[in-house]
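User: Please take a close look at one part of this model. I would like the side of one chain that touches its partner, and the sheet that goes with it.

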Amino acid sequence: MPEVRELEWLRESKPSERMLGYPQAICEALDQALALDPRVFVMGQGVDDPGGMFGTTKGLHNTHGAARCFDTPLAEASMTGVAIGAALGGMRPVYMHNRSDFLFLTLDQLVNHASKWHYMFAGAVSVPIVVWACIGRGWGSGAQHSQALQGTMMQYPGLKVVMPSTAYDAKGLMLAAIADNNPVLILEHRHNFKYKGAVPEKVYTVPIGKGVVRRAGSDVTIAGISNMVNEALLAAKDLAAIGIDAEVVDLRSLRPLDETLVLESLRKTGRLVVTDSGWKTGGVAAEVAAIAAEKGLEFLKAPVRRVTCPDVPTPSGYTLEQAFYAAKDDIIEAVRTIVPPRR
Amino acid sequence: MNIPRETLLSLYHDMLRTRRVEESIESLYHEDQMKTPIHLYIGQEAIAAGVCAHLRDDDPIFTTYRSHGQYLSKGGDLNSMIAELHCKETGCSKGRGGSMHLIDLSAGHYGSSAIVGGCLPIATGMAFAKKAQGSDAVTVTFFGDGATEEGIFYESVNYAMLKKLPVVFVLENNEWAVCSHVSTRKIGENLFHGADPEHLYTAKVDGNAVLDVYEEAGRAFAHARSGKGPAFLECMTYRIRGHAGSGSDADLGYRSPEDIEVWAKRCPIRSFRAWLLREEVETPIELERMDAQIETEIENAFAFATASPLPKGEDLLLHIYGE
C-alpha cells in the first residue's frame, strides 16, 4: 500500500512534531504499555510474524520477550476466554485479530462472558481485556475478509467499542483501552493504514466515549467513523468550493456514543449526514439517525441522510467493489439533497 | 490411604450441607419466593466435596449453572447464596445473577456461567495468569458431559496442554444433558480420549464414592501444582433430579424410573455415613449433632434472605461498566 501523508486537517500537532505511520502508532502504544505495565501482554495469530500484523506488533516479541508477545493457536473462541481468565487473574491482555471477520468466532466469550461478567456479579470483578481487529479492504478480500462489523458489535452493554481515524487517536485509544477496566473492542479500518500523522512520542490517552469536531461548519453536520471521517473531510473540502460549509464530527467511540456532540452540532447546522463503512440496516448510521430523530427533531431542517455500504456482502471483483464502497462523492451527493444550492 | 479424621468429617459435612441446602430450596421452591431457575446437584455432592477438599482459598474455581455444591464446598457464603436465590440486594451477585451466577471471591469462586463449556477457557486463562505471576495456585473448572461436545472444550484442553498450565478439568458425567442421554451424543466410554498422557494427566473415578474422588483429585492436584501441566478428572455420576426445577421428573418418560432408583440407592452421603460409623470415625450422636447444626444454619440463611431488601428498579443501570 503506498504511504500517503495524513490529510492536513487531521493533524493534531504542529508541523514540527514527529510524523508516524498509522500502524507504527499502534505499535508504539503497545510497546509503551508493555514497558510500563508488567500485567500487559499481546497475543494473536501472527503477532510475532516478521510482518507483525501489518506492522502493529512488529518486533514486540524481541523487545519484550516471547512470554509477553506471542502467537496463538487457531482457536479464537477459547483464546478470548483465556484473555478473560487472565484478566480475572490480574493481567491486561491485548488480543489482536488481523481480520475482523474472525470476531464472529469469539462472540460467545466476548458477548456472553466478557461483556457480562462484571454485571452478572454486580461489580465484584472486572474484565480488562482489549480486543483489536482490523477491517480488510480491497484486492478482492471479499465477503469473509472485509466485513465492517461495528453495527453488530456496538449493541452489547458491557462492551466498549472504539474506531480511530487518525494515527494520533490510534495510539491514544489503544493506551486508553489498555488502561480501561472493561472489555474494549478496537475496530481498525485497514484503509487508514496508509496514512501518517503527527504522533507525540510521550505516553497519552484519548478518552473513550468522546467524539471530536474535525472541521467546524455551519450548513450541515457530517458525522462519521474511522476511515469515513477522511472521506467526509475530503467531501467538506469540495463542498466548500461550491459554498457549502460542512461540519465534520468524528464519533471515535461507538459505545459509549457521544450523543451530546452530535446533537450540539446538529443544533448549529440543522442538517445531518451520517457516514459509516458498515451496512445500512441496523448499523452505526441507523443509530445516529435515530438519536437525531428522537432527541434532535426540533433542530432538523431536512431529513437525515445515511451514507453507508449497501446491504450486500462485500464483492471480490474490483468493479463491484468500486460500486460497493461509499466514498467522498456519495457524501457530497447526500449533502446536496438536503442543503439548498449556495451558488 | 491415610486421611485425617478431620478431613473425613469435613467431606461428610460438605456433602450433607449441600444436600440439606438443596432439599430446603426444593421444599420451598413452590412458594415462588426464589424466582430463578434452579439446577439441583442432588446425588453428585461427593464430587464437589472430594475435589474442593484439596483447594486453598487462593486456588480459583469456575463453575456452571449447576454449582450450589461447588460454591458451598469451596467455602462460598451460604447466606449470600440463599439471598441470591431470592434475588436480593444482599445476594452474592446482588440479585443480578440468580442461581446460575454465583460468586464469592473471598473463597476463590470466580463465577459460574450458564453457557455450557463457557468457563473452560476462562479457567485456562486464570491458570495462565497464575503461572505467569509465579504462583503455585491451581485453577479448577467443573463442567458436565455435555460440555465435552462443545468445540471450546477441545480448544481449552489443547491450550492448557500446550502451555503446561496448572488447571484441573473436573468432568461431572451425570449422563444427561436436559433430556438427552450421553450415549446419543458421544461415542466411546471415555469422554476425553486421545490425549497423550505425557501432556495431560487423566483419571476416571466413581463420582459417588467420596473417598475415591478425594484420592484421585489429590493426585490430579499434585500433578498440576508441581508444574507438570493440566489434569483431567472424569467423575461418573448420575443426575437424580430433572435438568432444572424441583422434584423428580421420572414421570416424563425420557428415562427409566428404575435407573433413577438404582442411582438413588447409591447415595454418596448415606454410604459414607455408614462407613464413618462402621469405622468408628464418629459416633451417631455426633453426626446427628452435625445435622442439627446444619439445619440451624440453613434456617438462619433463609431468614436472612427473606428479611433482605430487593434491588430497586432505579438501580437497573448499575454495574454495567467498572470504574
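Analyst: Here is the chain B side of the contact, followed by its sheet.

This is a predicted model, in which local features need pLDDT of at least 70, side-chain atom pairs count only at pLDDT 80 or more, and totals for chains, interfaces and linings use all residues. Residues are numbered from 1 along each chain as its sequence is written, while chains are lettered from A and ligands numbered from 1 in the order in which they are written.

In chain B, 35 residues are in contact with 32 residues of chain A (C-beta atoms, placed from the backbone, within 7 Å). Strand 2 (109-113), helix 5 (120-132) and helix 6 (151-162) of chain B each give two or more residues to this side. Helices here are DSSP runs of H or I with at least four residues, and strands are runs of E with at least two, numbered from the N terminus. Helix 5 of chain B gives the largest share, 10 residues. By class, the chain B side holds 16 nonpolar, 14 polar and 5 charged residues. Nonpolar covers Ala, Val, Leu, Ile, Met, Phe, Trp, Tyr, Cys and Pro; charged covers Asp, Glu, Lys and Arg; the others, Gly among them, are polar.

Now the sheet. In chain B, 6 strands form an open sheet with parallel pairing, in the order 2-1-3-4-8-7. Strands pair if DSSP finds at least two bridges between them. Strand 2 and strand 7 (201-206) of chain B are at the edges; each has a single partner strand, so one side of each lacks a neighbour in the sheet. Further in, strand 1 (residues 61-64) and strand 3 (residues 139-144) of chain B run parallel, joined by 2 bridges. B:F62 sits opposite B:T141 of strand 3.

Methods
Contact = placed C-beta atoms within 7 Å.
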